[in-house]
Amino acid sequence: MVEDDKLDQKIEFVLKKRKKKDRDEIIKAKKMASRLRKRAKKKDKTRIKFVRAEKLVKSARREAADNVRLRAVIRNPRKIDEDTNNHKLILAIRLKSVEGVSARTRNMLRLLRLTNINRAVFLRATVPTLRMLKRVEPFVAYGYPTLKTVRDLIYKHGYGIVDGNTFPLTDNARIEECLGDKNIVCVEDIVHEIMEVGDSFQSVISFLRPVKLKRPADRWKVRGKQFVTKEEMGYCKEKINDIVERMC
């Protein structure tokens, strides 16, 4: 019996030692892979990239044309539509790339939180916001969303941001934890606050991540074809709801 116990102890010791060795090898392999990835990234950064002169000229011409367009918009501001007096909420969607445009245009899109294509944000309908949207009209569509559109965007694509981490709006307890001091305790409260543009509108918008929309497949049958018609770019009023319906 004593010999059997000693044998069992030896077997257990050997198995534990083998398991520890396997675990150490896995950790070592992961560290080596991480080190190789970092080395490859560092090598890519130091590598000289070749850029064709034609591409540089095209980019410079685009930037110059965009600067001319911006100066024309600032010099001759179009009259803001009277419909804005009857609407408090604007929905803006980024639809086109800004490759080669001026830094001022990119900065305005960043201020509007439209840093990527197919992103949508809710904005308060104020004169400064509308003027900024006028200046980036070639790249965005904006208009007045209905309650159905706001509800679809929040319920289907809504994500919150806390400390840089995103999470879907599926847990009302977490929403209450983040926005409870604003009397917002569930998803429907978020929809109501956005639609009514209440006192806590800015807090709710800061809490939400810009909405990621899908690319409308029916408008990109040809590779490289832009999602653009004159009616669907820039200030499209209530037609923004049709665009969102195709991209949800």
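Okay, let's start with a pair that sits inside: Glu 137 and Lys 134 are both buried. They also form a salt bridge, with the closest N and O atoms 3.9 Å apart. Before I go on, keep in mind that this is a predicted model.

So how many salt bridges are there by this rule? The count comes to five, and I'll talk about two others besides the buried one.

Take Lys 148 and Asp 152, whose side chains meet in a salt bridge at 3.0 Å, N to O. Both are in helix α5, four residues apart, so about one helical turn separates them. Lys 148 is exposed, at 53% relative accessible area, while Asp 152 is partly exposed, at 21%. The cut-off for buried is under 20%, which is why Asp 152 with its 21% goes down as partly exposed.

Then there's Lys 88 with Glu 196, again a side-chain salt bridge, 3.9 Å from N to O. Where do these two lie? Lys 88 is in the loop between α2 (53–75) and β1 (89–94), and Glu 196 is in helix α7 (residues 187–196), so this bridge ties together parts that are 108 residues apart in sequence. Both ends are partly exposed: Lys 88 has a relative accessible area of 47%, and Glu 196 comes in at 39%.

On to the aromatics. The structure holds three aromatic pairs. For Tyr 144 and Tyr 235, the ring centres are 6.0 Å apart and the planes sit at 85 degrees, so we call that one edge-to-face. Tyr 144 belongs to the loop between β3 (140–143) and α5 (147–157), and Tyr 235 to strand β7 (residues 234–237), so here the pair links parts 91 residues apart in sequence. Is Tyr 144 buried or exposed? It counts as buried, at 3% relative accessibility. Add Tyr 142, and you get one aromatic cluster of Tyr 142, Tyr 144 and Tyr 235.

Some rings have a charge over them, too. Arg 174 puts its charged end over the ring of Phe 167, 3.9 Å from the centre. And Arg 209 lies over the face of Tyr 159, with 4.3 Å to the ring centre.

Hold on to Arg 209, since that residue turns up again in the next part. There are two cavities of 30 Å³ or more, and the largest has about 70 Å³ of space. Which residues line the largest cavity? Among them are Arg 209, Arg 113, Phe 122, Ile 154 and Pro 210. Strand β2 (residues 119–124) gives the most to that lining, with three residues. By type, the lining splits into eight nonpolar, no polar and two charged residues.

Arg 113, from that same lining, deserves a look at its backbone. Most residues other than glycine have a negative phi. Arg 113, though, has a positive phi of about 70 degrees, and it is not a glycine. You'll find Arg 113 in the loop between α3 (103–111) and β2, partly exposed at 27% relative accessible area.

Asn 183 is another residue other than glycine with a positive phi, near 60 degrees. Asn 183 is in a loop as well, between α6 (172–179) and α7. At 68% relative accessibility, Asn 183 counts as exposed.

That's my tour; over to you for questions.

Definitions and conventions:
Residues are numbered from 1 along each chain as its sequence is written. This is a predicted model: local features need pLDDT of at least 70, side-chain atom pairs count only at pLDDT 80 or more; totals for chains, interfaces and linings use all residues. Side-chain values use heavy atoms; hydrogens and water are left out. Rings of Phe, Tyr and Trp (its six-membered ring) pair if their centres lie within 6.5 Å; planes under 30 degrees apart count as stacked, over 60 as edge-to-face and the rest as tilted. Buried means under 20% relative accessible area, exposed over 50%, partly exposed in between (1.4 Å probe, protein chains only). A charge sits over a ring if NZ of Lys or CZ of Arg is within 6 Å of the ring centre and within 35 degrees of the ring normal. On a 1 Å grid over the protein atoms alone, a cavity is a set of points where a 1.4 Å probe fits but cannot get out, and a pocket is an open set with protein on both sides within 12 Å along at least five of seven lines; lining residues have an atom within 4 Å of a point. Grid points are joined across faces, edges and corners, and a volume is the space filled by probe spheres set on the points. Ala, Val, Leu, Ile, Met, Phe, Trp, Tyr, Cys and Pro count as nonpolar, Asp, Glu, Lys and Arg as charged, and the others, Gly among them, as polar. A salt bridge is a side-chain nitrogen of Lys or Arg within 4 Å of a carboxyl oxygen of Asp or Glu.
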